[in-house]
Amino acid sequence: MKKSNLLVRALKDSCPNCGEGKVFLPSTGLFKLPEMLEKCEKCSYRFDREPGYFIGALYISYGLAVLQGILAFFTCYFFFPSMSTFWQVVCVVAVLIVFAKKNYKLARILYIHLFPW
Ligand SMILES: [Zn+2]
């Protein structure tokens, strides 16, 4: 599998093995954490391998959050130069909150794609 396919599959929430099944159930609530399926519905590939496996995904999630925070800060800094520091911090925190669920899902999906069985 090419690296570009891996990234496309990860962004599409697809199984790392077959690329057809979904990794997460469809989102149901605004404040509810996304639910991960135990196995792929198409090829029965197990996503959750052992307790604590997804601790490594925290590092990916952290990296994504830092990247989004930096982008939000520079967007505020360059596009709204008269904005006070307080509102810049509010803007960065708001971006982090808005993308928290997406980061959670994307970090886990990228992790299982980077470290397959
Ligand atoms: Zn699959």
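This is a short talk on the fold, the helices and a few individual residues of one protein chain.

Thank you all for coming. Before anything else, please keep in mind that what we are looking at is a predicted model, and that the values I quote are computed from that model.

Let me begin with the overall picture. The protein has four helices and zero strands, and if you read from the N terminus onwards the order of elements is simply α-α-α-α. Taken along the principal axes, the C-alpha atoms fill a box of roughly 55 × 30 × 25 Å. There are 117 residues in the protein, and buried residues make up 31% of them. The accessible surface comes to about 8,100 Å², and 67% of that surface belongs to carbon and sulfur atoms. As for charge, we have 14 positive and 7 negative side chains, with the centres of the two sets lying 7 Å apart. If we consider contacts between residues at least 6 apart in sequence, 58% of them join residues at least 24 apart.

Now to the helices, beginning with H2, which covers residues 57-79. Its 23 residues should span 33 Å at 1.5 Å a residue, and because the end C-alpha atoms are indeed 33 Å apart, the expected and modelled spans agree. The buried residues in H2 are Ala57, Ile60, Leu64, Gln68, Gly69, Ala72 and Cys76, and the buried residues of this helix pack against H3, which runs over 85-98, and against H4.

H4 itself takes in residues 100-114, and here the same kind of check can be made: its 15 residues should span 21 Å, and the end C-alpha atoms are 21 Å apart, which agrees. Buried in H4 are Asn103, Leu106, Ala107, Arg108, Ile109, Leu110, Tyr111, Ile112 and His113.

I would like to stay with Asn103 for a moment. Is this residue of H4 buried or exposed? Its relative accessible area is 4%, and because the cut-off for buried is under 20%, Asn103 counts as buried. Leaving aside neighbours within four places in sequence, Asn103 is in contact with Ser61, Leu64, Ala65 and Gln68, and of these partners Leu64 and Gln68 are themselves listed among the buried residues of H2.

Asn5, for its part, sits in helix H1, residues 3-11, and is partly exposed, with a relative accessible area of 37%. The C-alpha atoms of Asn5 and Gly29, which are 24 residues apart along the chain, are separated by 30 Å.

Next, the loop between H1 and H2, where several residues deserve a comment. Most residues other than glycine have a negative phi. Asp13, which lies in this loop, has a positive phi of about 65 degrees although it is not a glycine, and Asp13 is also buried, at a relative accessible area of 11%. Ser44, placed in the loop between H1 and H2 as well, likewise has a positive phi, of about 60 degrees, and is not a glycine either.

Met36 is another residue of the loop between H1 and H2. Which residues does Met36 contact, once its neighbours within four places in sequence are left aside? They are Val23, Phe24, Phe47, Phe54, Arg108 and Ile112, and of these Arg108 and Ile112 appear among the buried residues of H4. Met36 itself, at 21% relative accessibility, counts as partly exposed, because buried requires a value under 20%. The C-alpha atoms of Met36 and Leu25 are separated by 6.1 Å, although these residues are 11 residues apart along the chain.

After H4 comes a further segment, and Phe115 lies in it. Phe115 is partly exposed at 45% relative accessibility, and, not counting residues up to four places away in sequence, it touches Arg49 and Tyr53. Phe115 and Val93, by contrast, are 22 residues apart in sequence and 30 Å apart in space, C-alpha to C-alpha.

Finally, the cysteines. How many disulfides does the structure hold? The structure holds zero. Cys18 is partly exposed, with a relative accessible area of 22%, whereas Cys40 is buried at 3% relative accessibility, and Cys76 is one of the buried residues in H2.

That is where I will stop, and I am happy to take questions.

Note on methods. Residues are numbered from 1 along each chain as its sequence is written. This is a predicted model: local features need pLDDT of at least 70, side-chain atom pairs count only at pLDDT 80 or more; totals for chains, interfaces and linings use all residues. Side-chain values use heavy atoms; hydrogens and water are left out. Helices (H or I, at least four residues) and strands (E, at least two) are DSSP runs, numbered from the N terminus. Buried means under 20% relative accessible area, exposed over 50%, partly exposed in between (1.4 Å probe, protein chains only). Contact means heavy atoms within 4.5 Å. Accessible areas come from the Shrake-Rupley method with a 1.4 Å probe; for residues, only the protein chains shown count as cover. Lys and Arg count as positive and Asp and Glu as negative; His and the chain ends are not counted. The place of a charge is taken as NZ of Lys, CZ of Arg, CG of Asp or CD of Glu. A disulfide is a pair of cysteine sulfur atoms within 2.5 Å. The expected span of a helix is 1.5 Å times one less than its number of residues.
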